[in-house]
Each structure stands twice: as C-alpha cells, then as structure tokens.
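Biologist: I'd like to go through this model with you and ask how each label is earned. Could you show it to me before we begin?

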Amino acid sequence: GAIQVGLGPDRLDQVVYGNLLDRLTPYGVPQEPRYRLALQLNESKQGVALERDATVSRFNLALEVGFTLQDAVTGESLFSGGVRAVAAYNVLRSEFANVIAERDARDRAARDIADEIKTRLSVYFRGLAAGAR
C-alpha cells in the first residue's frame with residue numbers, strides 16, 4: 001500500500017496502471033509513498049492462424065512489461081524484473097467485433113501482467129521481512 005505506480009501516456013499504460021492500483025493500493029493512492037514503481041510497456045501482435053486465402057483469422061497479442069521498484073526518497077533501484085502475458089483473439093467479419101476482441105485481449109493481458117507484478121513484489125517484500133527477523 002506504500003507504492004506509487006508510474007502512469008504512462010497511452011491507453012495501455014492506463015489499463016495496466018488501473019489494474020496495478022487495484023492490486024497494490026486497494027485503499028487508495030498513498031499520500032506519502034515509500035516506493036515508486038516505474039513501468040516500461042511493449043505490445044506486439046502476431047498472426048497465428050491463416051485461412052486458405054492467406055488472411056489472418058487469429059492473433060496473439062503479447063504484452064511485455066519491464067518494471068523497477070525504487071525508493072521514493074533516494075530514487076535508488078531496489079528491485080526490477082520483466083513480465084510477459086499473451087492473450088489470443090479471433091478475427092471476425094465485423095470490424096467493430098474485431099476492435100472489441102482486440103481490446104478485450106489487451107485488457108486480459110494487462111490483468112495478467114498486474115497479477116504477476118503483484119506476485120513478484122510480494123515475494124520481494126516477503127524476503128525483506130524474513131531477512132529482518
């Protein structure tokens with residue numbers, strides 16, 4: 001609950017940011033954070049299923065995020081890592097359905113990313129607490 005999550009400029013950054021806030025700061029953004037979490041996002045799409053006429057009928061959307069946990073006062077890097085999530089979606093005849101399917105895949109990948117970052121930070125902080133005993 002003492003982590004300030006960095007917010008990027010585009011929609012994908014905002015989706016990951018919102019998911020991380022839900023998981024890391026369920027009682028709201030900390031007034032005086034002890035840590036800052038910086039994110040670097042990269043999204044890619046790859047066609048994985050082809051029709052007979054060589055049109056793509058299924059995509060894998062991959063989301064890769066590098067993260068760094070920093071001390072909020074000193075800026076010192078304390079812990080960093082990278083996570084990756086892949087979500088698939090089908091291409092349909094309706095352009096609107098394709099837009100919604102891709103957005104849903106992006107949202108699913110962002111949730112998976114937030115869950116994995118939360119898990120890794122939990123393990124990191126658990127290790128710190130065990131070392132302090």
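Modeller: Happily! Helices (H or I, at least four residues) and strands (E, at least two) are DSSP runs, numbered from the N terminus. On that basis the elements of the protein chain run β-α-β-β-β-α from the N terminus on, with two helices and four strands in the chain. This is a predicted model, where local features need pLDDT of at least 70 and side-chain atom pairs count only at pLDDT 80 or more, while totals for chains, interfaces and linings use all residues. Residues are numbered from 1 along each chain as its sequence is written, and side-chain values use heavy atoms, with hydrogens and water left out.

Biologist: Why is the pair Arg106 and Glu43 called a salt bridge?

Modeller: The term asks for a side-chain nitrogen of Lys or Arg within 4 Å of a carboxyl oxygen of Asp or Glu. The closest N and O atoms of Arg106 and Glu43 are 2.7 Å apart, so the pair meets that cut-off. The bridge links distant parts of the chain, with Arg106 in helix 2 (residues 95-132) and Glu43 in strand 2 (residues 35-50), 63 residues apart.

Biologist: Is Arg106 buried or exposed, and what makes it so?

Modeller: Buried means under 20% relative accessible area, exposed means over 50%, and partly exposed lies in between (1.4 Å probe, protein chains only). Arg106 has 17% relative accessibility, so it counts as buried. Its partner Glu43, at 29%, counts as partly exposed.

Biologist: How do you know that Lys45 and Glu102 form a salt bridge as well?

Modeller: Their N to O distance is 3.6 Å, so this pair also passes the test. Lys45 lies in strand 2 and Glu102 in helix 2, 57 residues apart. Lys45 is partly exposed at 44%, whereas Glu102, at 18%, is buried.

Biologist: And what makes Glu64 and Arg84 a salt bridge?

Modeller: Here the closest N and O atoms are 3.3 Å apart, so the label holds again. Glu64 sits in strand 3 (residues 56-71) and Arg84 in strand 4 (residues 77-90), 20 residues apart. Arg84 counts as exposed because its relative accessibility is 54%, while Glu64, at 35%, is partly exposed. Salt bridges that share partners also join Glu43, Lys45, Glu102 and Arg106 into one network. A search of the whole structure finds eight salt bridges.

Biologist: Why is Leu39 called buried, and which residues does it touch?

Modeller: Leu39 has a relative accessible area of 19%, so it is buried. This residue of strand 2 touches Val5, Gly6, Val16, Leu20, Val65, Gly66, Phe67 and Ile117, not counting residues up to four places away in sequence. A contact here means heavy atoms within 4.5 Å.

Biologist: How does the radius of gyration of the chain compare with that of a compact globule?

Modeller: The radius is taken over C-alpha atoms, and the globule rule is 2.2 Å times the number of residues to the power 0.38. For 133 residues a compact globule would come near 14 Å, but the protein chain has 18 Å. The C-alpha trace spans about 65 × 25 × 20 Å along its principal axes.

Biologist: How much of the chain counts as buried?

Modeller: Of its 133 residues, 32% do. Among contacts between residues at least 6 apart in sequence, 58% join residues at least 24 apart.
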